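Please examine the sequence and the three-dimensional model shown below. The report then considers pockets, salt bridges and one tyrosine in turn.

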Amino acid sequence: MQHTMVPSDRVEHVAVYGRDGTKLGTIERLMLDKMSGTVAYAVIKTGGLLGTRHHYPLQWSALKYDPARQAFQIEQTLDELSSGPCEFDGDAFDWGDRSRPYPHPNYWSI
C-alpha cells in the first residue's frame with residue numbers, strides 16, 4: 001500500500017495546471033504555519049525564461065494532486081489567480097501577511 005506523505009523537496013518545482021488545463025507554473029515553496037505545523041499555502045511561480053516571473057500564494061487545500069500528470073490541479077485560471085496577491089521578482093512581499101482583501105472575497109480560504 002502506498003502512503004500519502006511526500007517530502008517538501010518533492011513538491012517544490014512540481015507543475016500546477018489551471019481549471020482550463022493550461023500549465024500555470026510550478027510550486028516555488030510551501031508556507032508552514034509554525035503553531036499548527038500544517039501547510040498553510042503554496043507559492044506558485046509563473047512566467048518563463050524571457051518573461052517576468054510572478055509568485056502567487058494559493059491555499060494548500062486548493063491544490064489537488066493528479067497522479068496521471070504527476071502534477072497539481074487548481075480550480076482557477078491564470079486570470080483568476082492573478083487577481084490575488086502577487087510578488088514580482090525583486091519586490092519585497094510579506095508572505096505571512098494575509099490581512100489584505102483581494103477581488104475574490106474568500107481568497108485566503110479557497
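The second largest pocket of this predicted model is lined by Q2, H3, T4, M5, V6, P7 and R10. The space inside this pocket comes to about 160 Å³. Sorted by class, its lining contains three nonpolar, three polar and one charged residues.

The largest pocket has a volume of about 530 Å³. It is lined by 16 residues, and those closest to its centre are T4, V6, V11, Y65 and F72. T4 and V6 also belong to the lining of the second largest pocket. Which helix gives the most to the lining of the largest pocket? That helix is α1, which spans residues 8-11 and supplies three residues. The class make-up of this lining is 12 nonpolar, three polar and one charged residues. As a general principle, empty space is revealed by rolling a probe the size of a water molecule over the atoms.

The next topic is charged pairs. In general, side chains of opposite charge can pair when their charged atoms come close. How many salt bridges does the model contain? The count comes to three, and the table gives the separation of the closest N and O atoms for each pair.

| Salt bridge | Closest N and O atoms |
|---|---|
| R19 and E80 | 3.0 Å |
| R29 and E28 | 3.8 Å |
| E28 and K45 | 3.6 Å |

The salt bridge between R19 and E80 has its closest N and O atoms 3.0 Å apart. This pair links distant parts of the chain, since the two residues are 61 residues apart. R19 is found in the loop between β1 (15-17) and β2 (23-32), whereas E80 belongs to helix α2 (residues 78-81). Are these partners buried or exposed, or do they fall in between? R19 has a relative accessible area of 43% and is therefore partly exposed. E80 is likewise partly exposed, because its relative accessible area is 35%.

The salt bridge between E28 and K45 has a separation of 3.6 Å between the closest N and O atoms. E28 lies in strand β2 and K45 in strand β3 (residues 39-46), so this pair ties together parts that are 17 residues apart in sequence. Salt bridges that share partners join E28, R29 and K45 into one network. In this network, E28 also forms a salt bridge with R29. What is the exposure of each member? R29 is partly exposed, with a relative accessible area of 27%. E28 counts as partly exposed at 22% relative accessibility, and K45 is partly exposed with a relative accessible area of 22%.

The final topic is a tyrosine, Y17, located in strand β1. Why does Y17 count as buried? Its relative accessible area is 18%, and buried means under 20%, so Y17 meets the cut-off. Beyond its neighbours within four places in sequence, Y17 is in contact with T22, K23, L24, R69, A71, F72, Q73 and I74. One of these residues, F72, is also among the residues closest to the centre of the largest pocket. Another contact, I74, is 57 residues away from Y17 in sequence, yet the two C-alpha atoms are 6.3 Å apart in space.

Definitions and conventions:
Residues numbered from 1 in each chain as written. Predicted model: local features only at pLDDT ≥ 70, side-chain atom pairs only at ≥ 80, totals over all residues. Heavy atoms only, no water. 1 Å grid on protein atoms, 1.4 Å probe; cavity = no way out; pocket = protein on both sides within 12 Å on 5 of 7 lines; lining within 4 Å. Points joined across faces, edges and corners; volume = space filled by probe spheres on them. Helix = DSSP H or I, 4+ residues; strand = E, 2+ residues; numbered from the N terminus. Nonpolar A, V, L, I, M, F, W, Y, C, P; charged D, E, K, R; others polar. Salt bridge = Lys/Arg side-chain N within 4 Å of Asp/Glu carboxyl O. Buried < 20%, exposed > 50% of the residue type's maximum accessible area, 1.4 Å probe, protein only. Contact = heavy atoms within 4.5 Å.
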